[in-house]
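Please walk me through this model in the viewer, one selection at a time. Tell me what to select next and what is there.

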Amino acid sequence: MDLKEDTLHADEPLFGNSLTFEQSELVIIPAPWEPTTSYKGGTSNSPDLIRQASHQMDYFHEVYLNSYHRGIYYKELNPEIKPLHEQALSLCDDIQKQLIATTDPYTDKSNDLSEKLHKANALSDKFNTIIYQESQQILKAKKIPALFGGDHSCPYGLMKALSEHYQEWSLLHIDAHFDLRVAYQGFKHSHASIIYNATQLINPPTKIAHVGIRDFSKGEYEYARENEHDSWTDKVLKRRAFEGESWSKTMNEILQPLHHNLYISFDIDGLDPQYCPQTGTPVPGGLSYNQATALIEKASKSFNIIGFDLTEVSTQPGDYESWDINVGTRMLFELSLAALSSQNKK
C-alpha cells in the first residue's frame, strides 16, 4: 500500500488507510460516550471528527518507518451507542443537577436519586458490554484493539477483554488525574474511576505507572501508595528536570518496572493544556507533546503494546479544524504506529 500524498476527500478512511478489517493489524473502536462528565463536555463529538482531521496530515513517520503499512482500521460506530449515550447523558445531567440542589442527596429519602443512579449505572454497564464484545472480536481476530473516546470511562470494556486475554499485563497511565475514585458522584463507571475499576478486574494489571498526575484527592494518593502504584506526579517530574535529570533517564525509570505486555491509557489532559485547551478538566502543568511521544516511542522499543486508549479530546460539534482535534489526531497516529511497531518485540 502506498502512502497517501494528495489531499483526501472527507469520506476517506482514517489516516487514508484503505485496508480492510481483515487486512489491518490494529483496529480502533470509536466511543462517543461522556454521560458522567463532571466539568466541561464535548468529548463525545471527537470520534466523528478525527477522520476528517487526519486528512490534513502526512503519514510518513521518521521513527516508525513501515508501521503504517500494517494497517490501521477505524471501525464503524456501533449503532447502539448513540441512542444509549443520549439516554444516559440526559439522566446523568439530571442527577448532577439534583446533587447540587439537594443538601444531603445520598441520605435524603424524599428524592429518587438512588433509583436514577441505578438506571445510570445500568446504562453504563450496557455501553461497557458493547465495548467488551467488540474488543473480544478484535482479539479473536488476532489484532491489536484500541479505543478513541469519549471520556475516560470508555475503555473499561477494552481493559476487561485484555485482562482475560493476557495472563500478565501492566498499565501505563498518562493523565492529570489518578482516576482512582470509587463511584464518583455515585456513578460506578465515572471518568474519575477508570483506573480504580481496572484494579478491581478479576485479573488486574500487575503494575501501574501514573505519569503527569497533578490534581487528586488524598484518598486517591493513599490508594495508589498502598497498592504500590508508581506515581510520577507532575511535581516529581518537574523537580527532576529542574535538578538537571534528562527526560531519557526519567523515562527509563518509569518503564523499567512494567510488564512486557503493556497497555497505555492516555487521557489527553496528561499534556500541558496548551495542547488541549477544550479538554474536560484541564489542569496547569503536564507533559509536552514531545515528552509524551518520546515515552511512547521508548515503550514501543521494549514492550509488547497490547492495546491503548486515547480519551478526553474535546471540541464543539463539527469542528474538525480545532486545535484539540489536530493534536488528538496526531497523538492517535503516534500511539497506533507505536503499537504496530512494538509487535516486532513478541
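The tour below starts with the whole chain, moves to the sheet, and ends at single residues.

**Whole chain**

Keep in mind throughout that this is a predicted model. Show the protein chain as a cartoon: 10 helices and eight strands make up its secondary structure. Along the principal axes, the C-alpha atoms fill a box of roughly 65 × 50 × 40 Å. The radius of gyration is 19 Å, which agrees with the value near 20 Å that a compact globule of 346 residues would have.

Now switch on the surface. The protein chain exposes about 15100 Å², and carbon and sulfur atoms supply 47% of that area. Of the 346 residues, 58% count as buried. Among the contacts with a separation of 6 or more, 79% are between residues 24 or more positions apart.

**The sheet**

Hide the surface and select the strands. They form an open sheet of eight strands with parallel pairing, in the order β2-β1-β3-β8-β7-β4-β5-β6. At the edges are β2 (72–74) and β6 (230–233), each of which pairs on one side only. On average, neighbouring strands of this sheet are turned by 15° against each other, direction ignored.

Add two helices to the view. Helix α3 (residues 113–140) lies across β1 and β3, and runs at about 170° to β1. Helix α7 (residues 234–242) lies across β5 (207–213) and β6, at about 65° to β6.

**Strand β3 and its neighbours**

Select residues 144–149, which are strand β3. How many of the six residues of β3 are buried? Six of the six are, so the strand is largely enclosed by the rest of the structure. Show the side chains next: I144, A146 and F148 point one way from β3, while P145, L147 and G149 point the other way.

Add residues 26–31, strand β1, which runs parallel to β3 and is joined to it by six bridges. Two of the pairs to look for are L26 with I144 and A31 with G149.

Then add residues 304–311, strand β8, also parallel to β3 and joined to it by three bridges. Here L147 of β3 stands opposite D309 in β8.

**Just past β3**

Select G149 and G150 and look at the backbone between them. Is the peptide bond from G149 to G150 cis or trans? The bond is cis, with omega near 15°. For context, most peptide bonds are trans. G150 lies in the loop between β3 and α4 (156–165).

**Two residues with positive phi**

Most residues other than glycine have a negative phi. Two residues to inspect with that in mind are D179 and E312.

Select D179, where phi is near 55°. D179 is found in the loop between β4 (170–174) and α5 (194–199). With 4% relative accessibility, D179 counts as buried.

Select E312, where phi is near 70°. E312 lies in the loop between β8 and α10 (323–342). E312 is buried too, with a relative accessible area of 6%.

**L49 in its loop**

Select L49, which is found in the loop between β1 and α1 (50–53). Is L49 buried or exposed? L49 counts as buried, because its relative accessibility is 5% and the cut-off for buried is under 20%.

Now show what surrounds L49. Leaving out residues up to four places away in sequence, L49 touches T315, Q316, G318, D319, Y320 and I325. Add V327 and draw a distance between the C-alpha atoms: L49 and V327 are 12 Å apart in space and 278 residues apart in sequence.

**Cysteines**

Finish with C92 and C154. The structure holds zero disulfides. C92 is in no disulfide, and the nearest cysteine sulfur to its own, that of C154, is 12 Å away. A disulfide is a covalent bond between the sulfur atoms of two cysteines; the cut-off applied here is 2.5 Å between the sulfur atoms. C92 is buried, with a relative accessible area of 2%. C154 also counts as buried, at 0% relative accessibility.

Conventions. Residues numbered from 1 in each chain as written. Predicted model: local features only at pLDDT ≥ 70, side-chain atom pairs only at ≥ 80, totals over all residues. Heavy atoms only, no water. Pairing = 2+ DSSP bridges. Helix = DSSP H or I, 4+ residues; strand = E, 2+ residues; numbered from the N terminus. Axes fitted to C-alpha atoms, helices over the stretch in contact; angles between N-to-C directions. Contact = heavy atoms within 4.5 Å. Rg over C-alpha atoms; globule rule 2.2 N^0.38 Å. Buried < 20%, exposed > 50% of the residue type's maximum accessible area, 1.4 Å probe, protein only. Areas by Shrake-Rupley, 256 points an atom, 1.4 Å probe, with all protein chains shown as cover.
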